[in-house]
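Here is a short report on one protein structure. Keep the model in view while reading.

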Amino acid sequence: MQAAVLRHPGPDLRSAMGAAEVSRPEPARGELLIDVEACGVCRTDLQLCSGDLGAHALPVVPGHQIVGRVAAQGEPAGDEPMAPVGTRVGVTWLAGACGDCRFCMTGRENLCLSATFTGWDRDGGYAEYVCADAAFVHPLPERAGATEIAPLLCAGVIGYRSLRVAGLGPGSAPGRLGLFGFGASASIVIQVAKHWGLEVYVCTRSPAEQSVAMELGAVWAGGFDETPPVALDAAITTAPVGRSISNAVRALDRGGIVAVNAIHLDEVPRMDYDDLWWERQIRSVANVTRRDSREFLELATSIPVTTIRVERPLAEAVDALEDLAAGKVDGSVVLTP
């Protein structure tokens, strides 16, 4: 089968990875073989391929926003039913967790010390087929297209968790949310936030992204280093630059929370303690749980959330990552075999 394989992470993406003909995987005990229909391209993929994130397994097939259909089942691993052949399913960043540690036992499997991740610890979706732990796949609706759903499986789910980490949700009081950076995740977050009755203020360097933010319902959109015209109750940073954190903290009202939606930043900036005073908080967002995925996919279907995406063939995986690195991507890129 065809796949894009990462062999030597580094800044030269064309040396780091490339197209290859590899053997089709066979599902092990408790696994499903999935015929990939689409796989979203995430900034985390770029950070893994460029070496910003240390490699866990090499060679490896990147990609963790996978939509496909069950092609075969491995031997069952327990009493839990496995998705039947033909079922449309999704695979996310979290590939597995131990189920027994104190984090797993308290609903925090995203923090499991033995957690594994799709496209980092095991092969992902930049391929025609992928195997996944049956307990970590999610049934998906038939009515939406595969390329429409794919960005929901990381950009959407991690955005949803970021809102919850920031203390926001259907039970929270109406408030003011700031989004610092406006890529694929933020373009989904704003739709959920508006559904929950929040006012949204966006800071992003791209005039085109500012326009899209206003079209999606932002009250205000300005430059990356501009300050929103009102004090914010919460903020989510998605830009992979540290100064987004200090900008967001300075924009908070008393008691506000900044949720940092990034697996890697260039730095954690120095800031004045006065900016953090009055019980302002900074919290990181680490991975997602299966519950996050289930809740968000149900919510996204009911709103419904739409995704901004560009479709490219699997053979152009490196081109897609280069465009993402150069800031040439509006929304999400989705690869199709």
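Start with Arg 283, which lies in strand E15. The model is a predicted one. Arg 283 is partly exposed, because its relative accessible area is 38%, a value between the 20% limit for buried and the 50% limit for exposed. Beyond residues up to four places away in sequence, Arg 283 touches Val 165, Ile 257, Val 258, Ala 259 and Val 260. Val 165 also offers its backbone oxygen, which lies 3.2 Å from a polar atom of the Arg 283 side chain. Ser 23 is another matter: its C-alpha atom is separated from that of Arg 283 by 42 Å, and the two residues are 260 apart along the chain.

**The sheet**

Strand E15 belongs to an open sheet of 6 strands. The order is E12-E11-E10-E13-E14-E15, and the pairing is parallel. Strand E12 (220-222) and strand E15 (281-284) stand at the edges. Each has a single partner strand, so one side of each is left without a neighbour in the sheet. On average, neighbouring strands are turned by 15° against each other, direction ignored. Strands of a sheet pair through backbone hydrogen bonds.

Now take strand E11, residues 199-203. The table lists its pairings.

| Strands | Sense | Bridges | An example of bridge partners |
|---|---|---|---|
| E10 and E11 | parallel | 5 bridges | Leu 179 and Val 202 of E11 |
| E11 and E12 | parallel | 3 bridges | Val 202 and Ala 221 of E12 |

Val 202 thus appears in both rows: Leu 179 has Val 202 as its bridge partner in E11, and Val 202 has Ala 221 as its bridge partner in E12. Is E11 enclosed or open to the outside? Of its 5 residues, 4 are buried, so E11 is largely enclosed by the rest of the structure.

**Helices on the sheet**

Helix H5 (residues 184-195) lies across E10 (176-180), E11 and E13 (232-237). H5 runs at about 175° to E10. Helix H6 (residues 207-215) also packs on the sheet, where H6 touches E11 and E12. The direction of H6 makes about 175° with that of E12.

Helix H7 (residues 243-251) is mostly covered, with 7 of its 9 residues buried. Which residues of H7 are buried? They are Ser 244, Ile 245, Ser 246, Asn 247, Ala 248, Val 249 and Ala 251. The buried residues of H7 pack against strands E10, E13, E14 (252-260) and E15, and against helix H8 (273-276).

**A helix pair**

Helix H2 (residues 43-50) packs with helix H10 (residues 317-325) at an angle of about 100°. Their axes are 10 Å apart. The angle makes H2 roughly perpendicular to H10. H2 brings Arg 43, Asp 45, Leu 46 and Cys 49 to the contact, and H10 brings Leu 321, Leu 324 and Ala 325. Of these contact residues, 5 are nonpolar, none is polar and 2 are charged.

**A buried glutamate**

Glu 31 is found in strand E3 (residues 31-41). Is Glu 31 buried or exposed? Glu 31 is buried, because its relative accessible area is 14%, and buried means under 20%. Its side chain makes a polar contact with the side chain of Arg 122, at 2.9 Å. Leaving aside neighbours within four places in sequence, Glu 31 is in contact with several residues, including Glu 26, Gln 73, Gly 74, Met 82 and Cys 131.

Definitions and conventions:
Residues are numbered from 1 along each chain as its sequence is written. This is a predicted model: local features need pLDDT of at least 70, side-chain atom pairs count only at pLDDT 80 or more; totals for chains, interfaces and linings use all residues. Side-chain values use heavy atoms; hydrogens and water are left out. Two strands pair if DSSP finds at least two bridges between them. Helices (H or I, at least four residues) and strands (E, at least two) are DSSP runs, numbered from the N terminus. Axes are lines fitted to C-alpha atoms, for helices over the stretch in contact, and angles run from 0 to 180 degrees between N-to-C directions. Contact means heavy atoms within 4.5 Å. Buried means under 20% relative accessible area, exposed over 50%, partly exposed in between (1.4 Å probe, protein chains only). A polar contact is a pair of N or O atoms within 3.5 Å; within protein, one must be able to donate a hydrogen and the other to accept it, and residues adjacent in sequence count only if both atoms are side-chain atoms. Angles under 35 degrees count as roughly parallel, over 145 as roughly antiparallel, 65 to 115 as roughly perpendicular and the rest as oblique. Ala, Val, Leu, Ile, Met, Phe, Trp, Tyr, Cys and Pro count as nonpolar, Asp, Glu, Lys and Arg as charged, and the others, Gly among them, as polar.
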